[in-house]
Amino acid sequence: MAEHTQQATSQVLLREMGISDAAIERRLTIVGFEPADLPRIAALKGVVVAHASECMEVFFTHLSKLDEAKVLLSSPALLDKARRLKRDHLLAMVQGDYGARYVEQRLELGALYAKVGLDARVFLGAFHALLKHVGSLVMKELERTPIAGFESFMSLTKIAFFDISLIVDILVFERERIIRQQQEAIRELSTPVLQIRERLLLLPIIGVIDTHRARLITESLLRSVRANRAKVVVMDVTGVATIDSRVANHILQTVLAARLMGAHVIVTGLSAEVAQSLVALGIELSKLDTVGDLQGGLEEAERILGYRVIATEGGAPPALGAT
């Protein structure tokens, strides 16, 4: 079951990274791999298979000297898995089949390195130590035919560079994925849509608004309007220092979209600078319902919803009632 899940995960990565059969062939062409390399690699099969565990140990011995690999080395379960995958990697290198399944196995190994935050430079250093050891074994085994031994090792090196390109790509891909997820989380946290009471939402916006964040604000607001069946939304921009024409138009479109969904949007907290910018940009302000501050906006929203503040006796806080 675990092996099936891992294979499914690597197949997903294959698609997400856009590595098709044609892309695999192109990568092999880039490293100079050709049919003549197959028999040369086959000549090394016995050497590599016999010393696969030894070569794998060279790789992890190199990592053990580096602080950057502590996360991997301090987890027995992950380390055992990495060692098994690395040994399988060495055995697969001399089998002569470098298609989709071979690539999936490299991506699985690369994804494990990415999971523990292994730096690409650290991986390259360890892989170089492994290749150096393989080269010394090949030259020793084929010392009577050094030229043939060198040519065979160079053919194997092409596959090694093919593998390096895959593993470095997955390291970069997964790091960028984490960065994108963190950015999305930060943006979502920076634009929460709060339900103040039934049918009333508050959207406080703080910080710089770029085009991408403006789209997120629109999507988040419209989803919340639908989910909460909101009738009024107070959009507070007190914490926004500047707004350019594209963002201003996007906010205006958000207001109109919410209106189409049956929600009235009140914009509050426009600073003097932002108000002057909107006028200078020629933004159609007649379509916006603006109130000076957040308190005034909430009072206006409650009026629209039919709520009124009722004073109580005995110093108790005022109660909110419907008219």
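Which residues are exposed on the other side of α7? In this predicted model, the exposed residues on that side are Pro76, Ala77 and Asp80. The buried residues of the helix are Leu78, Leu79, Ala82, Leu85, Lys86, His89, Leu90, Ala92 and Met93. Viewed down the axis of α7, these buried residues fall within an arc of 160°, and they therefore line one face of the helix. An α-helix has 3.6 residues a turn, so residues three or four places apart point the same way. The length of α7 was also examined: its 18 residues should span 26 Å at 1.5 Å a residue, which agrees with the 26 Å between its end C-alpha atoms.

Leucine 91 also belongs to helix α7. Apart from neighbours within four places in sequence, leucine 91 is in contact with Val49 and Ala52. The C-alpha atoms of leucine 91 and leucine 66 are separated by 26 Å, the two residues being 25 places apart along the chain.

Helix α7 contributes to the largest nonpolar core of the model, as do α1 (2-16), α2 (21-30), α4 (45-50), α5 (52-64), α8 (100-115), α9 (120-141) and α10 (146-190), each of these helices supplying at least two residues. This core holds 56 residues, of which Phe59, Leu63, Leu72 and Tyr113 touch the most other members. Helix α10 provides the largest share of the core, 11 residues. Among these highly connected members, leucine 63 is in contact with Ala69, Leu72, Leu73, Leu118, Val122 and Ala126, its neighbours within four places in sequence being left aside. Apart from this core lies another, of 28 residues, which includes Leu201, Leu221, Ala230 and Leu252.

Leucine 118, one of the contacts of leucine 63, is placed in the loop between α8 and α9. With a relative accessibility of 3%, leucine 118 counts as buried, because the cut-off for burial is under 20%. When residues up to four places away in sequence are not counted, leucine 118 touches Leu63, Glu68, Ala69, Tyr113, Phe123 and Leu171. The last of these contacts joins residues 53 places apart along the chain, and the C-alpha atoms of leucine 118 and leucine 171 are separated by 8.0 Å.

The model also contains an open sheet of 5 strands, arranged in the order β1-β2-β3-β4-β5 with mixed pairing. Strands β1 (194-197) and β5 (289-291) form the edges, each pairing on one side only. From one strand to the next, the twist averages 30°. Strands of a sheet pair through backbone hydrogen bonds, either parallel or antiparallel. The pairing of β4 (residues 264-268) with β5 is in the parallel sense and extends over 3 bridges, and isoleucine 266 stands opposite aspartate 289 in β5. Helix α14 (residues 294-305) lies across β1, β2 (200-206), β3 (232-239), β4 and β5, and runs at about 175° to β3.

Serine 224 is located in helix α11 (residues 211-228). This serine is buried, with a relative accessible area of 14%, a value that satisfies the criterion of under 20%. Beyond its neighbours within four places in sequence, serine 224 is in contact with Val193, Leu201 and Arg229. Of these contacts, Leu201 is listed among the residues of the 28-residue core.

Notes
Residues are numbered from 1 along each chain as its sequence is written. This is a predicted model: local features need pLDDT of at least 70, side-chain atom pairs count only at pLDDT 80 or more; totals for chains, interfaces and linings use all residues. Side-chain values use heavy atoms; hydrogens and water are left out. Helices (H or I, at least four residues) and strands (E, at least two) are DSSP runs, numbered from the N terminus. Buried means under 20% relative accessible area, exposed over 50%, partly exposed in between (1.4 Å probe, protein chains only). Contact means heavy atoms within 4.5 Å. Two strands pair if DSSP finds at least two bridges between them. Axes are lines fitted to C-alpha atoms, for helices over the stretch in contact, and angles run from 0 to 180 degrees between N-to-C directions. A nonpolar core is a set of buried Ala, Val, Leu, Ile, Met, Phe, Trp, Tyr and Cys residues joined through side-chain atoms within 4.5 Å. The expected span of a helix is 1.5 Å times one less than its number of residues. The arc is that of the directions from the helix axis to the C-beta atoms.
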